[in-house]
Structures are given as C-alpha cells and as structure tokens.
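Hi,

Here is the structure I promised to send over. Have a look at it first, and then read on for what turned up.

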Amino acid sequence: MPLDTDLVTLRSLLSSDELISPDSPDYIESSKTWAAQKQCNPRLVVRPTSVESLSKTIAHLYSTNLDFAIYGQGFMSASAKDVLVNISCFDEFLLDKSSMSVTVGAGQTWDQVYQRLEKEAPEYGIVGARTPSVGVGGTILNGGWSWLSGEFGCISDPINFLDAKVVKYDGSVVWASSEPDLMWALRGGGGGVGVLVSAVLRVFPYPQDIWTGAILVPSEHLEQVAEGVSNFASHESDPKVTMFLYVLKEKVLKSIAPEAKSDMMVIHAFDANGEAHGRESFKWALDIPGAIDQTKMSTLAGVADLQKTVSSVKQTMAQYWAPFVLPDITKEVVIKSVKWVEAIKDIDEAVADSTYLIFEVFCTRDPPGPISEVAWPRPAGSKHILLFGPGCPAAEIQEKAALARQLATEIPTAVLGSDEEVYILPNGAEDYHDPRKIWGQHFDKLQTVRKRYDPQCRFRAPVECKD
C-alpha cells in the first residue's frame with residue numbers, strides 16, 4: 001500500500017482537531033525536538049484526544065510501512081519522517097489521598113504535575129524530574145531522577161511508580177500491573193513496549209519550606225568549589241539535602257546576575273530542612289569570596305520553576321549527550337571536567353558555548369527494593385550523575401556536529417581515565433553508547449520483552465528486539 005494512502009487512512013480515523021499538518025500554527029511546538037539534529041520534519045503530527053483515538057492510531061501505524069515515533073518533551077525527544085504521535089492531550093490528574101497516589105497523564109510536563117499537586121495537596125510531595133519542562137512518560141521509561149531521589153530512589157522504582165496504562169502495538173489497552181514483564185520493562189527499560197498513556201505515582205507528606213536557589217561563584221575559585229563539592233558528596237548524610245553544579249558563561253549570566261564580571265560556577269542548593277539548616281549545609285559555598293547568594297524559601301513547585309527557562313534552548317542546538325553515574329565525586333574529577341570543557345573553546349568557540357556540564361549530587365541511589373524489579377539495574381553504589389552535553393548551534397550542524405559528537409564519545413575516558421568503568425544513563429542512550437553495557441545483566445531479558453511487545457520492531461528504542 002503506498003505511503004500516501006496510509007496517511008489518508010490515518011486521517012480518516014481521527015478528527016480534524018487531532019491532525020496537525022506542517023502548515024498548521026501548532027506544528028512547530030508539537031514536533032520540536034530538544035536536540036536539533038534529531039528533527040525529521042514529519043509529514044503529519046497527530047495529537048489524539050482520547051485513548052480510543054490513540055489506540056486506532058497505533059494499530060494503524062503498526063500495520064503500515066510509515067515511519068513513526070512517539071513524541072517526548074525531554075532531552076531525547078524523537079522525530080519521524082512520516083508521522084509523529086504527540087500525546088500531550090493526555091493530561092489527567094487524579095489525586096487519591098486514601099491510597100497516597102496520583103494518576104497523571106503521561107503527556108504532561110513535570111511542571112504541570114508539580115503545579116497541580118501544589119494546588120490540590122500543598123502538603124504533599126512526589127518524586128518527579130528536576131527539569132520541569134521534560135515529560136512524565138519519557139522520564140519514567142528512562143529511570144527518572146529527582147531532587148528527592150537520594151531519599152526515595154528513581155521515579156521509575158516500584159516504590160514510586162505503581163502502575164501504568166499502556167496502548168500496545170495492536171491497539172489493545174492494558175494496565176501494566178496485569179502483565180508483570182510489561183511493568184518491569186517500563187521501569188527504566190528505555191521504551192519500545194507500547195505507548196505509556198498514564199502513570200500511577202506515589203505521593204507523600206513532604207516539607208514545603210525548602211531553602212533553595214543559586215549560589216554563584218567566580219570561576220577563578222574552581223579549586224575551592226571542587227573541594228567543597230567533593231566534601232559535600234562524601235560527607236553529607238541527610239537525604240533532604242542535595243545540589244547540582246554547573247558553569248555559566250558571562251554573556252548568559254547578564255540576564256540573571258547583572259553584577260557578574262566573569263564566567264561563574266552555579267551551585268544550586270536544595271535543603272528541605274529549612275533556611276537555617278541550609279545555610280549551614282552550604283556555608284562552604286556561601287563563604288567563597290565573590291559568591292552571589294540568590295537562595296530563597298520555596299515549595300517543590302517553586303524549586304522546579306527555577307529551572308523552567310531550560311526549555312528555551314529546545315532545538316536551538318545540536319546536542320550529544322554523555323550522562324553517567326558516579327559512586328563518588330572527587331576534587332580531581334570536578335577540576336578535570338571543568339577544565340576539559342573550558343579547553344573546547346580552543347578547538348571551536350561555538351561548540352564550547354553550546355556544551356553543558358552539570359554535576360548532579362545525590363540524585364540517585366540503589367533501588368529501594370530488589371534490583372530484579374527494575375529494568376535498569378544501575379551499578380551498585382550509584383549516588384551522583386555527571387552530565388556532559390557537547391553541542392553546536394543549529395545553524396552550524398553541517399560544519400560542527402561531527403566534532404560535538406566526537407567530544408561526547410571521548411569525555412568519559414578523558415575525565416575518569418581508561419581504567420574506570422563508565423555507566424551511561426538510559427536517558428542518554430545514543431548510537432555511540434553500548435546498550436548492553438547500560439542495561440547490563442537485564443539486557444537479554446529486556447530484548448526478549450521488547451520482541452514480545454514490539455514483534456515487528458517498529459517502536460523507537462535504544463534496546464533492539466531480540467531475533
């Protein structure tokens with residue numbers, strides 16, 4: 001059957017308000033990828049408004065040769081040449097205090113979830129993503145890291161992720177808890193077992209008087225910051241205290257810290273024990289000469305809101321990820337990482353300006369339960385994440401993307417050394433990473449489950465189906 005006929009049939013299955021053509025005003029926003037090089041400019045975007053519509057869409061697409069993908073709003077957001085399925089209409093929010101759970105539509109961003117939870121139950125917390133503009137579904141499928149993960153584990157761990165409604169390749173709809181292997185694969189397996197429509201997540205009482213925000217330190221104090229971060233990562237024992245560290249260029253800083261006179265390192269602090277405890281926990285950073293204190297008291301929703309502007313970089317750059325897990329963060333690793341990124345400007349200034357470096361401290365932990373219950377086993381002793389994201393401006397992809405990609409493949413060894421094991425995260429699985437190493441002891445089972453739920457291997461996923 002010709003591809004155009006397949007598209008005509010698909011159009012006939014949906015209402016006009018569920019179809020978004022390239023000339024539609026909604027087309028760009030409903031198909032925008034995070035990394036510019038992933039954009040395939042689909043011939044049609046479909047945005048089903050009901051499970052029934054989504055079911056018909058998936059069953060039809062699976063029976064054709066159309067190239068299709070399920071759209072996500074996070075760093076690994078996919079595209080397709082023919083049809084992109086956007087699930088942003090799935091935005092339900094059903095709070096059940098009696099079971100301490102909430103059912104949320106998987107097409108939402110975490111910002112939406114935080115805001116709705118704060119409105120309906122301001123005394124409650126949820127293990128949700130640090131970056132508010134990424135989507136619920138994709139976060140769960142790739143493990144998911146939170147400000148609360150040091151205390152409660154990954155978003156996809158069984159203690160936090162209780163159930164999910166899934167549309168399978170043939171259009172059938174199930175609750176994943178009724179099919180244990182499906183539920184298992186959703187817990188960090190990288191996707192490819194159907195379309196996650198809604199998720200049941202645990203909620204719990206949590207402090208809302210959180211001391212948080214940025215402490216900006218001039219980059220000339222790298223050694224002092226590196227020592228402080230290393231000591232913090234080694235000795236902080238309160239699971240309600242965490243942070244991340246990144247570097248901002250002077251030209252970017254002007255909008256958030258006009259007094260900044262140079263590139264600065266940003267220590268984003270989080271302490272759910274309140275201001276007095278937070279200022280003591282981060283005294284080492286606040287006391288560094290030239291430090292700019294932008295901390296304040298906030299709620300979980302407010303903490304997420306501090307990172308809201310991250311979404312503004314969507315599709316402005318080609319981006320190549322290399323996020324990996326660390327059991328410890330040493331002073332040497334911090335210094336070597338920062339200097340490695342700084343040295344990129346001597347190779348190509350545009351690539352240097354488009355490269356991310358983020359240390360996420362105490363943002364993960366061993367699974368709260370048996371490791372066999374999650375698809376992504378993660379290395380024992382996981383505590384921290386080091387995220388590198390070399391990139392280049394979207395307008396310069398042809399000339400500079402190859403360099404950015406090469407840097408992403410080199411950075412783990414350059415920072416840790418060739419003798420150290422590198423454990424890439426599921427949400428950073430690219431074609432230059434070995435999926436067998438990412439999913440380790442669970443890789444073979446994940447391949448087998450993928451084949452059962454995607455017999456023709458049509459869904460996009462980093463783990464291929466087993467022949």
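A question to start with: which residue stands opposite Val-266 in strand 13? It's Tyr-246. Bear in mind that this is a predicted model.

Strand 13 is a good place to begin. It covers residues 264–271, and eight of its eight residues are buried, so the strand is largely enclosed by the rest of the structure. Met-264, Val-266, His-268 and Phe-270 point one way from the strand, while Met-265, Ile-267, Ala-269 and Asp-271 point the other way, and all are buried. So much for the side chains; now the partners.

Strand 12 (residues 241–248) runs antiparallel to strand 13, and eight bridges join the two. Strand 11 (residues 210–218) is also joined to strand 13 by eight bridges, and this pair runs antiparallel too. If you want to find that second pairing on screen, look for Trp-211, whose bridge partner in strand 13 is Asp-271.

Now the whole protein. There are 17 helices and 20 strands in it. A compact globule of 467 residues would have a radius of gyration near 23 Å, and the 22 Å of this protein agrees with that. Its C-alpha atoms fill a box of roughly 70 × 55 × 45 Å along the principal axes. Of the 467 residues, 58% count as buried. Among contacts with a separation of 6 or more, 74% are between residues 24 or more positions apart.

As for the surface, about 18,400 Å² is exposed, with 51% of it supplied by carbon and sulfur atoms. On charge, there are 43 positive and 61 negative side chains, and the centres of the two sets lie 3 Å apart.

Cheers

Definitions and conventions:
Residues are numbered from 1 along each chain as its sequence is written. This is a predicted model: local features need pLDDT of at least 70, side-chain atom pairs count only at pLDDT 80 or more; totals for chains, interfaces and linings use all residues. Side-chain values use heavy atoms; hydrogens and water are left out. Buried means under 20% relative accessible area, exposed over 50%, partly exposed in between (1.4 Å probe, protein chains only). Helices (H or I, at least four residues) and strands (E, at least two) are DSSP runs, numbered from the N terminus. Two strands pair if DSSP finds at least two bridges between them. The radius of gyration is taken over C-alpha atoms; the globule rule is 2.2 Å times the number of residues to the power 0.38. Contact means heavy atoms within 4.5 Å. Accessible areas come from the Shrake-Rupley method with a 1.4 Å probe; for residues, only the protein chains shown count as cover. Lys and Arg count as positive and Asp and Glu as negative; His and the chain ends are not counted. The place of a charge is taken as NZ of Lys, CZ of Arg, CG of Asp or CD of Glu.
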